[in-house]
Amino acid sequence: MNTLQLTLGPVLFYWSRDDILRFYSEAADWPLETIYLGEAVCSRRQQLRGQDWIALGKELAESGRRVVLSSLALIESESDLRRLRKLVENGELQLEANDLGAARLAQQQGRPFVAGHHLNIYNADTLALLQSLGARRWIPPVEMDRDTLAAVLQQFSRTGQPIETELFAWGRLPLALSARCFTARHYNLSKDDCQFRCLEHPDGLRLNTREQQAFLTINGIQTMSDGCHSLLPHLAAIAAMGVQALRISPQWQHTAQVIAGYQQAIQALHSPLHTDIDLAPYADSRLVDGYWRGEAGIAALGETHHAHS
Amino acid sequence: MPATRPLPELVCPAGSLPALKAAVDNGADTVYLGLKNDTNARNFAGLNFDDRTAREGIRYAHQHERKVLLAINTYAQGGDISRWHRAIDEGAELGVDAIILADIGLMEYARRRYPALRLHMSVQSSATNYEAINLAQELFDIRRAVLPRVLTLDQVKQVIDHTRVEIEVFGFGSLCVMVEGRCLLSSYATGESPNSHGVCSPAKFVRWEHGSQALGARLNGILIDEYQQGEAAGYPTLCKGRFEVEGDTYYALEEPTSLNVMAMLPQIIDIGVAAIKVEGRQRSPAYVAQVTRTLREALDAAGREPQRFSVKPGWTQALSKLAEGQQQTLGAYNRPWK
């Protein structure tokens with residue numbers, strides 16, 4: 001059984017420049033194999049520009065971390081493409097391609113890349129194709145269940161060309177992207193004049209049903225789950241499947257504790273001593289793992305989410 | 001500048017043989033359909049085509065010199081993807097004019113097995129920029145890409161100006177507010193999504209709750225909306241429900257609205273859009289007939305006299321009766337909507 005590594009996903013929320021720099025100066029000391037950096041959600045978020053992300057990435061890389069630049073997941077305009085080209089052409093850091101256009105640019109530059117979860121790789125043929133373009137690691141779609149993943153990895157292993165697999169293991173799930181900004185909509189602002197209200201919501205805006213069930217999170221043009229996805233109870237099975245890395249998605253508070261908890265749980269896999277780690281106190285919403293178990297993603301740890309009568 | 005461009009193809013939905021005939025009879029240039037399984041993104045009970053109806057539909061369309069496209073636009077799932085391969089084989093064998101694919105792994109299979117088969121890139125591929133489209137063009141020689149409903153008209157033009165691939169845009173029907181192929185809200189609530197199962201907010205999870213004051217619409221137990229007496233109730237598509245955000249209850253993501261680009265037809269023709277697609281394989285033959293007839297008239301009028309084109313009240317009336325939630329919008333093509 002290989003040892004699972006931890007990675008830090010890109011910050012999906014909009015934080016101020018100071019907060020971002022403070023976050024990564026702390027993250028430099030966490031037990032992480034890879035740090036993903038960059039704006040993956042909204043092209044209007046410019047507290048750090050492309051050059052700033054590249055500079056920050058190079059700085060972190062010098063401290064011995066593997067650093068990957070995450071590309072924008074929704075590329076609409078020529079200026080989005082210009083920024084993407086700059087990221088790809090940085091000459092040093094790898095790219096996480098969150099769009100087929102990004103995969104193409106990386107391929108043209110002859111640069112290996114990470115195939116992000118937005119690339120919708122649901123089978124071994126598609127994975128092999130991305131590998132042939134230069135993908136060295138992939139992140140399955142967040143909705144993929146364990147049986148499907150096991151089948152894909154099993155099938156893919158026949159190609160004899162190993163690829164690394166990383167799972168989205170902790171955090172509010174990135175579920176949808178839109179041209180429309182739902183945070184601006186909440187404030188009755190147009191997207192072009194959004195006044196950067198996302199800065200006021202460092203973990204997004206809660207969206208509840210009309211009977212106050214916590215349901216989703218609004219994060220600008222992105223819609224996320226309210227529930228905090230956690231694969232912590234499944235680490236042994238995940239390691240046995242041949243997965244290399246687990247992604248922790250940054251949150252406004254307690255990211256360090258979450259990483260420490262995962263680290264401890266991974267170490268415990270190789271030790272006969274039983275450890276009971278509870279990360280619920282470090283999530284500000286209910287823990288869910290339905291996707292992994294082939295249920296509705298909203299299903300809480302160990303629960304089946306059936307329509308209540 | 002007078003439009004010297006050819007008119008875009010009018011591409012209409014066929015959820016059944018009667019709907020296909022309605023589209024052909026009312027002026028569709030092309031119809032698109034899916035097979036009766038989860039290889040297509042409108043995998044609804046009672047819809048779609050088996051071998052017999054597909055053959056009859058293709059015969060009917062070809063007899064009238066119209067084209068037929070087969071949508072295989074879910075992502076092939078897991079270790080055994082033979083179902084998707086068989087669907088491609090079937091399409092090639094049936095003699096459809098093109099296959100619409102979302103999964104690039106399936107594009108690779110289709111190109112390798114059927115070098116002469118025309119391939120379209122589905123809206124479910126989420127290709128919003130020309131780099132993504134040109135990748136599929138170089139690798140698999142795709143001839144057309146359907147753009148997600150997220151770009152402004154200027155951005156659509158930008159794509160057209162940078163690719164040899166024909167560009168198809170949505171013209172009328174339910175408005176998907178999320179980038180197609182990048183929305184998992186349905187599986188978060190129910191376990192089934194367009195990507196994995198070819199469904200969104202599937203009917204088998206819908207439950208109507210008749211209370212003394214209000215009618216509740218639930219999806220897998222989750223309250224999507226609630227209607228007071230006298231309020232028109234809509235299908236609980238989960239992005240079109242009313243939710244509470246910081247004390248306000250409103251359509252937090254999107255109102256139940258239809259996309260209608262009729263007012264923009266001259267510009268759409270002018271920038272070189274190759275095809276205009278009507279959403280709605282889940283709709284009745286009567287709906288398909290009405291929408292097809294109206295858009296055919298509007299498109300022909302815009303082609304004849306682009307400068308003098310205006311939307312006729314009769315067209316608006318005909319379409320507004322069919323529109324979801326009775327409201328219509330230009331959607332993302334018109335920047336303020338965003």
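**Notebook: one helix of chain A, then a strand and a helix of chain B**

I looked up helix H2 of chain A and found that A:Trp53, A:Ile54, A:Leu56, A:Gly57 and A:Leu60 are buried (20 or more other C-beta atoms lie within 10 Å of the residue's own; exposed means 12 or fewer, partly exposed in between; C-beta atoms are placed from the backbone). Seen down the axis of H2(A), these buried residues fall within an arc of 165°, so they line one face of the helix (the arc is that of the directions from the helix axis to the C-beta atoms). I recalled that an α-helix has 3.6 residues a turn, so residues three or four places apart point the same way.

I noted that this is a predicted model, in which local features need pLDDT of at least 70 and side-chain atom pairs count only at pLDDT 80 or more, while totals for chains, interfaces and linings use all residues. Residues are numbered from 1 along each chain as its sequence is written, and chains are lettered from A and ligands numbered from 1 in the order in which they are written. Helices (H or I, at least four residues) and strands (E, at least two) are DSSP runs, numbered from the N terminus.

On the face of H2(A) turned away from its buried side, I found the exposed residues A:Gln51 and A:Glu62. The cover over the buried residues includes helix H1 (17–27), strand E2 (34–37) and strand E3 (66–70) of chain A (contact means C-beta atoms, placed from the backbone, within 7 Å). Just after H2(A), A:Gly64 takes a positive phi of about 95°.

I turned next to strand E1 (residues 9–13) of chain B. Five of its five residues are buried, so E1(B) is largely enclosed by the rest of the structure. B:Glu9, B:Val11 and B:Pro13 point one way, and B:Leu10 and B:Cys12 the other.

I then checked the partners of E1(B). Strand E15 (residues 275–278) of chain B pairs with E1(B) in the parallel sense over three bridges (pairing requires at least two bridges found by DSSP), and B:Glu9 stands opposite B:Ala275. E1(B) also runs parallel to strand E2 (residues 30–33) of chain B, joined by three bridges, with B:Pro13 opposite B:Tyr32.

Last, I looked up helix H10 (residues 285–304) of chain B. Among its buried residues are B:Val288, B:Leu295 and B:Ala302. The buried residues of H10(B) pack against several elements of chain B, including E1, E15 and helix H11 (313–320).

Note on methods. Contact = placed C-beta atoms within 7 Å.
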